[in-house]
Amino acid sequence: MTVPASDELPLFLQRDGLLPAPALLAAGDRGLPRTTTVFGQEAWLVTAAEDVRTVLGNSSLFSTGDSLPMFRSDDPDIFDIPGALLFMDPPEHTVLRKMLAPRFTGRALARWQPRVVQIINEHLDALEQAGPPADLIKHFTWQVPSQVICEMLGAPLDEREQVQKLLDASFDFTISEAERATANEGINAYIHELALRARANPGADLLSELVTEHGDALTPKNLAAIGATLLQAGHETTADMMASSVVALLANPDQLAQLRADPTLIDKAVEELLRYLAVVQINPPRRATRDTVVGGQPVSSGDLLLVALPAANHDAALVDEPGQLDITRDATHHLAFGHGIHHCLGAPLARLELTLALPMLLDRFPELALAVEPSALRFKVGSVVHGLRELPVTW
């Protein structure tokens, strides 16, 4: 497989190391440019923060329900695509979201915090045992979110590697559509099986709680949609954020020094890192349900619009000097988790993991540093979730 260069990719997938490519940041200077989605559909590219909020914040005017080709299953009880909650409109979306939302509040997640801390410590131990230099992704940042979400969903740890390979392929737009479809079908089948296990033998995990509480109101198809959404959204995004955050802090030693000197800055630091890195590059396309105007551009009913979250997070109208990392700023109004009814359900879990894992890592390894030159770092190319392929560190 030949991996394309960054500038050969669609504009919304182009990066400059950790950050969005300059060409993407300049794309909205003359209104909404035209683009082609990863599925080959023509669309308007929305980059300004205000316009992104407009599109994501009005689900009746900008629908996600029929916005992209679906990977079809022969089984009517299995959802057409993984992460299906992201592609639902009200009222179906509203019903499932209301079932899930109470389980992702800060109070609800507090019961998981001791276990998350334990998992972090276990993988810090494994990293230390691996000895410097070591791949931080392999031994830590990939492992922690994976184990957390698998335990929350009741997925056995010995099945993680199989599932992760499918997840990697489902987000990889350098491979063929057929290969991605096969990966998505594999995820569907696995989550469907996980949901059936939860129904047949409920445990203490999230899927089992939903089965116990809602009974027949949740079909196997609904459970599969929920499980796939959480598995996809709850692992790779947080894993890539964690690794990229470490690189961003090491590349900005003044910010790292501030955080070490004042650990109470961690909440602000995480919000600023979420804004600055914006690892989720796009949200699912939206389809206009009637003629309208976005950013001064007339948009016809039926047109697709694709929002570029990194560009919105680096909009000078959102924050001053958006290209600078400033962990003391108030960046809570960023768009890293999207906006509107599809605002990331797992955002509180991601915040919990990041606010725990980053300080614990920095405390355990006060001399943490890159084991290679920054120019030698290899980034994923063509992935909807941006991140590093590996992260060699020493201490």
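This report walks through a sheet, some helix packing and a few side-chain contacts in the structure above. The model is a predicted one.

**The sheet**

A good place to start is the open sheet, where five strands line up in the order S3-S4-S10-S7-S5 with mixed pairing. Strands of a sheet pair through backbone hydrogen bonds, either parallel or antiparallel. At the edges stand strand S3 (34–36) and strand S5 (62–63); each has a single partner strand, so one side of each is left without a neighbour in the sheet.

The table lists three of the pairings, each with one pair of residues that face each other.

| Strands | Direction | Bridges | Facing residues |
|---|---|---|---|
| S4 and S10 | parallel | three | Leu-45 and Leu-306 |
| S7 and S10 | antiparallel | two | Arg-287 and Leu-304 |
| S5 and S7 | antiparallel | two | Ser-63 and Arg-287 |

Arg-287 is a handy residue to look for when you trace the sheet. It stands opposite Leu-304 in S10, and Ser-63 stands opposite Arg-287 in S7.

Next, follow the side chains of S10. Leu-304 and Leu-306 point one way from the strand, while Leu-305 and Val-307 point the other way, and all are buried. What lies across the sheet here? Helix H2 (residues 49–57) lies across strand S4 (42–46), S5, S7 and strand S10 (304–307), and H2 runs at about 125° to S10.

**A charge over a ring**

Among the side chains, Arg-34 lies over the face of Trp-44, at 4.4 Å from the ring centre.

**Helices that pack together**

Moving on to the helices, take helix H5 (residues 113–130) and helix H7 (residues 143–153). They pack at an angle of about 145°, and their axes are 9 Å apart. The crossing in which H5 passes H7 is right-handed. On the H5 side, the contact is made by Arg-115, Val-116, Ile-119, Ile-120, Glu-122 and His-123. H7 contributes Gln-143, Val-144, Gln-147, Val-148 and Glu-151.

H7 also has a part in covering helix H8 (residues 160–170). The buried residues of H8 are Arg-160, Val-163, Gln-164, Leu-166, Leu-167, Ala-169 and Ser-170. Besides H7, what covers them includes helix H9 (177–200), helix H11 (220–233) and helix H12 (236–251).

Asp-168 is also found in H8. Is Asp-168 buried or partly exposed? Its relative accessibility is 35%; because buried means under 20% and exposed over 50%, Asp-168 counts as partly exposed. Leaving aside residues up to four places away in sequence, Asp-168 touches Trp-142 and Glu-236. Asp-168 and Glu-236 are 68 residues apart along the chain, yet their C-alpha atoms are separated by 8.3 Å.

**One aromatic pair**

Finally, how many aromatic pairs does a search of the whole structure find? The search finds one. Phe-365 and Trp-395 form this pair, with 4.5 Å centre to centre and 45° between the planes. The pair is tilted, because planes under 30 degrees apart would count as stacked and over 60 as edge-to-face.

Why does the pair tie together separate parts of the chain? Phe-365 lies in the loop between helix H16 (347–364) and strand S11 (369–370), and Trp-395 lies in the segment after strand S12 (392–394), so the pair links parts that are 30 residues apart in sequence. At 2% relative accessibility, Phe-365 counts as buried, whereas Trp-395, at 26%, counts as partly exposed.

Notes: Residues numbered from 1 in each chain as written. Predicted model: local features only at pLDDT ≥ 70, side-chain atom pairs only at ≥ 80, totals over all residues. Heavy atoms only, no water. Phe/Tyr/Trp six-rings, centres within 6.5 Å; stacked < 30°, edge-to-face > 60°. Helix = DSSP H or I, 4+ residues; strand = E, 2+ residues; numbered from the N terminus. Buried < 20%, exposed > 50% of the residue type's maximum accessible area, 1.4 Å probe, protein only. Lys NZ or Arg CZ within 6 Å of the ring centre and 35° of its normal. Pairing = 2+ DSSP bridges. Contact = heavy atoms within 4.5 Å. Axes fitted to C-alpha atoms, helices over the stretch in contact; angles between N-to-C directions. Left-handed = near helix turned anticlockwise from the far one by under 90°.
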